[in-house]
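User: I am new to this structure and should like to understand how its descriptive terms are justified. Could you take me through some of them?

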Amino acid sequence: MHLNYPVIMKMVGLLTLIEGFAMIPCIFTAMLYGEWTTYYPLLITSIVCIFVGLLIVTRLKFNKTKLKMQESFLIASLSWVYCSIIGMFPFYFSGCGFTFIGSFFESVAGFTTTGCTVLDTNLMPHALQLWRSVCHWLGGMGILILVISIFPLLGVGGQSIASAEAPGPTFEKIGAKISDTGKYLYAIYMFFTAAEYVLLFLGPMDWFNALTATLSSISTGGLIVTNENLEMINANYSRFVILIFTVLSSLSYLLYYMILKKKWKEAFRNMEMKGFFAIIAMATLLIAAVLKLSGSYSSLWQAVKDGLCQVISVISTSGYYVCDYTNWPSFTQAVLLLLMLVGGCSASTTGSLKVIRVLVLIKLIRRGFFRRIHPHSVKPIMLEGKPLPAATASSITMHILLYFGVLIGGTLLLSLNNLDMETTISTAVGIFSNTGMALGDVGASGYFGMWNGFSQLVLTVLMIAGRLEMYAIILLFTRSFWQPDKAKTL
C-alpha cells in the first residue's frame, strides 16, 4: 500500500508542536514550586518538540490531497502511541525513579483519559501532576479532533481521520465543513473547562488543585488524589461541582450545539440522553437500597449521595472514587462493573461501549423475541421515530461482539500474571473501558502497580484500543489493510 508520507509527517509535526506548547504551564509550575529535577526534563522536551514541530510544519511541502481511509486509521493509531511516547519523557527523566514502562503507562493513561496509575501520586511533583492533567485534557476531546480543525488550512481533508478517531458510533458534522465541527466542539469544551475552574477556585481549592481537578474531570479522566488535596476534593462543594461537569462531559457535545442553535426539542428528545439519565437513576436507587438494607449505611441520604457519586464516576468512565466501594456488598460492585461496560454518550469524552449501542442492542434482542413469534414480520429498529438502517444495526452488533472478543483476549493475557480472577477480570474491564477502576487487589485506589512489566504493556494496548474503539488498532494487523488487492474472500 502506498502511503502519503508527507501528510503523515505533517500530522506528526502538528502533534509534536501542540504537545510542546502544552508543557509550558507545567514548566512554570515546576519553577514556582522549585521542582528543578522536573523542570529541566519538561523544559528540554518542550523546546525540542516546539523546534521539531515548527521545522516540520513550516518546511515540509506537499500537494493538497485527501487522505485514504487506510492512511487515516494509521495516523489515528500511531498518533496516540507517538503522543504517549513524548508524554512519558517528563516522567522518566524527572529524577523520581519512575521506570520506563511505568512512565509510558502513565502517559498512555493520561492521553486515553483512563486516569489510573502505576506510580505513587504522593511522590509525584506538582509539575508532573499538572502534566498528567494536561494529558487528560488533550485526550478528552481527542487531540486529533483539534488537529483536523487545522488540517484544511494545510490542504488536507480531515473527515476520514475524524471517523477513525472520534468516539461514538458516528461522527456527525454540525458545520458546513468537518473543521467547523472540531472548532465548535473545542469551543464548548474550553467554555466548560473555564467555568468549572472558576467554580472550583471559588470553593476550598487553591489555584493548582482547582486546575488539575478541572482538567482531569472535564475530560472524564478522573482525579489525581493525594494526601495533600484529599480534604479539598472531598468537600461537598467541590464534589458537587465536579459531579455536574462530569455529567455535562458525559453527554453528547452535539446536544450543546443544538441548544446553541435553539433546537431545544431535538436536544431534549434525544433518546441516548434519556437512556443515560435513566441508567444513572436506576443504578443509584438499586445501590442505595442495598447499602441501606444491608446495614452498610445507617443514613439513606448518605447512601444515595455516595451511590450517585460513584455511579456517575463509573458510567462517565472518570474513575474517581468517593469512598471505598470494595467494602460495599457484592451486588453493588456487580452493578458498578456493568456500568463500566456501558459508558457515557456518543460524541462525548467518555469511553466504553456508549449508551446508544446498548440501547440498540436491547432493541435488537426485543426484535429477536418478537420475530420468534412472528417470523414473517418486518419490524425495523426505531430510534427517535426513524428506522435504523440495517447497515448501522449490523455495524453496532459487530462492534459489540468485537468489544467482548478483545476484552476476553485481554483477560487471558492478564491472567498470565497469576493474580486472582476478580482482580484480573475487573482490571481488563476497567482498563479497556478507559474507566481506570477495578476490584480485588486494585481496589478503589486506581493503582495498578501490582501488575508486572508485561501486563502493564498489555494494559497500555487495551487503553489505546479502548480509546480508539478498537478498529484503528486491529486493522493494522490485518493483511487486507496493507495489501488491499490481495485480500482473501470471507
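User: What makes F277 count as partly exposed?

Analyst: This is a predicted model, and the values are computed from it. F277 has a relative accessibility of 36%. Partly exposed covers the range between 20% and 50%, so F277 receives that label.

User: Why is F276 called buried?

Analyst: The relative accessibility of F276 is 1%. Buried means under 20%, and F276 is therefore counted as buried.

User: Why are F276 and F277 called an edge-to-face aromatic pair?

Analyst: The ring centres of F276 and F277 are 5.6 Å apart, and the cut-off for a pair is 6.5 Å. Their planes stand at 65 degrees, and edge-to-face requires over 60. Both conditions are met, so the pair of F276 and F277 is edge-to-face.

User: How many aromatic pairs does the rule give?

Analyst: The count comes to 23 aromatic pairs. One of them joins Y33 and F208, with 5.7 Å from centre to centre and 65 degrees between the planes. Since edge-to-face means over 60 degrees, the pair of Y33 and F208 is edge-to-face.

User: What makes Y33 and F208 a link between distant parts of the chain?

Analyst: Y33 belongs to helix α2 (residues 24–33) and F208 to helix α10 (residues 207–218), and the two are 175 residues apart. Y33 is partly exposed because its relative accessibility is 33%, whereas F208, at 1%, is buried.

User: Which residues do ring pairs link into a cluster?

Analyst: The cluster consists of W137, Y186, Y189, F191, F192, F245, Y253 and Y256.

User: How do you know that the charged end of K379 sits over the ring of F370?

Analyst: The charged end of K379 is 4.9 Å from the centre of the F370 ring. The distance limit is 6 Å, with a further condition of lying within 35 degrees of the ring normal. The distance satisfies the limit, and K379 is classed as sitting over the ring.

User: What is stated about phi of T317, and is T317 buried or exposed?

Analyst: Phi of T317 is near 60 degrees, a positive value in a residue other than glycine. T317 lies in the loop between α16 (300–315) and α17 (330–342). Its relative accessible area is 0%; buried means under 20%, so T317 is buried.

User: Why does N434 count as buried?

Analyst: N434 has 0% relative accessibility, and the limit for buried is under 20%, so N434 qualifies. N434 lies in the loop between α20 (421–432) and α21 (453–467). Its phi is near 65 degrees, positive in a residue other than glycine.

Note on methods. Residues are numbered from 1 along each chain as its sequence is written. This is a predicted model: local features need pLDDT of at least 70, side-chain atom pairs count only at pLDDT 80 or more; totals for chains, interfaces and linings use all residues. Side-chain values use heavy atoms; hydrogens and water are left out. Rings of Phe, Tyr and Trp (its six-membered ring) pair if their centres lie within 6.5 Å; planes under 30 degrees apart count as stacked, over 60 as edge-to-face and the rest as tilted. Helices (H or I, at least four residues) and strands (E, at least two) are DSSP runs, numbered from the N terminus. Buried means under 20% relative accessible area, exposed over 50%, partly exposed in between (1.4 Å probe, protein chains only).
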